[in-house]
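Trainee: Please take me closely through the salt bridges, and then through the parts of the fold they lead to. I would like the reasoning kept with the numbers.

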Amino acid sequence: MRRRLFVAAAALAVTTPALSAPAFAEPVSGLPATSFPLGTPGIPKTAAKSLAPGVSYFSVIHGTSGDGYTVSVIVGGKDFMTEANAQAQAEAVLAAGLTPTVVKFTRPAVADYPAADFWSVHVGSWPLSGKAAAAKVVTQLKDAGVTAKVDYQGDDGFVTTGPWKVKVIVVDPRTFRGSFQASIGTSTAKREKVSSMAAAAGAIAAVNGGFFDIHTLPAFRGDPTGISVVGGKLLSEAVPNRVGLVLKGRSARVTELSSATVARAADGSSTPVTGINRVPKPDELVLYTEELGRATPSDDGAEAVLDATGKVIKVRDAGGTVPKGTRVLHGVGTAADWLWEHAPQGSAVKVVTKVTDMRTRKGIPLTPDTNIIGGAVGLVRGGKTAITPGRDGMANTSMILRRHPRTLAGVTRTGKLIIALVDGRAPGGSVGASFFEAAALMRWLGARDAVNLDGGGSSTMVVGKKVVNKPSDGVERGVGDALLVVGAR
């Protein structure tokens, strides 16, 4: 007969709006003088430095290390599961001669994704110095046919005392005389380090931008997974209604965005361009700009090479360069048929692009000083916590609840840009943040609207020529794009 095993209830560290800074709270000078919003209440340790007029840089440390290690059982690559699976795995742990603990927890609801119950199976508990002992248990379980991992307890999203190490940049447009910019580096297709992009622009400071596509062809894995506008050029299309950071000069705002691009032939025929600088899907028409930085995909499609005026200077099989000053329309399947029929050499094809602010329902002029960073997740809207992983493509328990390194950006009611980076995956050093904790932190810093940019090993902050945080990979990672604070020229 199967025994009913002990189930422990997990205490989640979900920071509610009532525990965060009041809506629209904004520090009068420097950082807030109120208690840090995460962990044990108290005023954090801080250090401050001016990087330029209107640009302040802060280091924030709060909390103490109290977490150690456990061993977590893995099913299907995940450390959480159904109750039935948890009971079965616990029985297997018992059969291996070890004592399991089944933990039930609820992933709390967010703005666009419902709550759900899950179960985890843990074995043992060790202090920070006991990682090697935990690893021996993983080996013992493996020999018994049970998949498990050594798990730092500070990562799990449950109650913790920290510590947190946070880097913060605050830019006040009333005194700052530079600009905010986006960069994709030398190519939209490949990844590049934040430090390299910052150096090329002579930036005062920089952080990594949004998420990028790690599931496409290896040569195209720098492609942002959402809208990207650099210097007024649309270099990656929007995922409709996902949130982004719109930068124009030294102004910044958070909003939901959409984009639309259409190719119109001289004979009156038109067709949508559904992708920009990425690998096409069946029957798609994709636009490649010279920022692609490599040859287009070699497939069975067709390509029309356009000069700056839209004249078709060449029609070719797929898989060629994008010469400077040109654009390439790449069609697959029915889209290739459209190019052969409506875009012969010597004809003209007009490519029309529009980016729309979905909050105002107005178009965003793509002027040379317009930059947009997408691939983000909403955290704060109108001064209130509004976490939107469902809409923004990150609706999973690990992203919502577990602590990771985080790169965050927000705007205050007076237009200040707040950039914050929380180091994580550093047992005993810095625990990172969940979405709930990231939202609470940005509200504490005074953000009226805020987003979560890419995180994990991508989280990188550069001040001057130096990486000032500790990337969790141990070295700086190449990323898809970056947010730059550039001084006056």
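Mentor: R253 is partly exposed, with a relative accessible area of 35%, in what is a predicted model. Its salt-bridge partner is D357, and the closest approach of the two side chains is 2.3 Å from N to O. R253 belongs to strand β15 (residues 251-265) and D357 to strand β22 (residues 349-357), so the bridge ties together parts that are 104 residues apart in sequence. The carboxylate end of the pair is buried: D357 has a relative accessible area of 2%. The cut-off for buried is under 20%.

What is the count of salt bridges by this rule? It comes to 19. A second one joins K248 to D369, with 3.0 Å between the closest N and O atoms. K248 sits in strand β14 (residues 242-248), while D369 is in the loop between β23 (362-363) and β24 (370-373), so this pair links parts 121 residues apart in sequence. Here each end is partly exposed: K248 has a relative accessible area of 37%, and D369 has 36%.

The bridge between E303 and R316 has its closest N and O atoms 2.7 Å apart. It connects strand β19 (residues 302-306), which holds E303, to strand β20 (residues 312-317), which holds R316, so the parts it ties together are 13 residues apart in sequence. E303 counts as buried, at 0% relative accessibility, and R316 is buried as well, at 13%. Elsewhere, salt bridges with shared partners join E256, R359, R381, R391, D392, R448 and D449 into one network.

The E303 bridge leads into a sheet. β19 and β20 belong to an open sheet of 5 strands in the order β17-β18-β21-β19-β20, with mixed pairing. β17 (275-276) and β20 stand at its edges with a single partner strand each, so one side of each has no neighbour in the sheet. R316 therefore lies in an edge strand, given that β20 holds it. On the other flank of β19 is strand β21 (residues 327-331), and these two pair in the antiparallel sense over 5 bridges. Within that pairing, A302 has G331 of β21 as its bridge partner.

Now to an element with charged residues under cover. Helix α6 (residues 435-444) has 10 of its 10 residues buried. Among them are E437 and R443, along with F435, F436, L441, M442 and W444. At the start of the helix, a side-chain oxygen of S434 comes to within 3.3 Å of the backbone nitrogen of F436. Just past the other end, G446 adopts a positive phi of about 105°.

Strand β4 (residues 69-73) is covered in a similar way. All of its residues, 5 of 5, are buried, so the strand is largely enclosed by the rest of the structure. In a regular strand the side chains alternate between the two faces of the sheet. For β4, Y69, V71 and V73 are on one side, T70 and S72 are on the other, and all are buried. The strand pairs antiparallel with β6 over 3 bridges, where V71 stands opposite V123. It also pairs antiparallel with strand β7 (residues 148-152) over 5 bridges, and S72 has K149 as its bridge partner there.

The last topic is enclosed space. There are 2 cavities of 30 Å³ or more. The largest holds about 120 Å³. Its lining has 13 residues, with D79, F105, S120, D156 and R402 lying nearest the centre. β6 (116-126), the partner of β4, is one of the elements that give two or more residues to this lining, and α5 (397-401) is the other. α5 gives the most, with 3 residues. By class, 4 of the lining residues are nonpolar, 5 polar and 4 charged.

The second largest cavity has a volume of about 40 Å³. G226, I227, A238, V239, R242, V243, L257, G374 and G375 line it, which by class makes 5 nonpolar, 3 polar and 1 charged. Two of the earlier strands reappear here: R242 and V243 fall in the residue range of β14, and L257 falls in that of β15.

Definitions and conventions:
Residues numbered from 1 in each chain as written. Predicted model: local features only at pLDDT ≥ 70, side-chain atom pairs only at ≥ 80, totals over all residues. Heavy atoms only, no water. 1 Å grid on protein atoms, 1.4 Å probe; cavity = no way out; pocket = protein on both sides within 12 Å on 5 of 7 lines; lining within 4 Å. Points joined across faces, edges and corners; volume = space filled by probe spheres on them. Helix = DSSP H or I, 4+ residues; strand = E, 2+ residues; numbered from the N terminus. Nonpolar A, V, L, I, M, F, W, Y, C, P; charged D, E, K, R; others polar. Salt bridge = Lys/Arg side-chain N within 4 Å of Asp/Glu carboxyl O. Buried < 20%, exposed > 50% of the residue type's maximum accessible area, 1.4 Å probe, protein only. Pairing = 2+ DSSP bridges. Polar contact = N/O pair within 3.5 Å; in protein donor to acceptor, adjacent residues only side chain to side chain.
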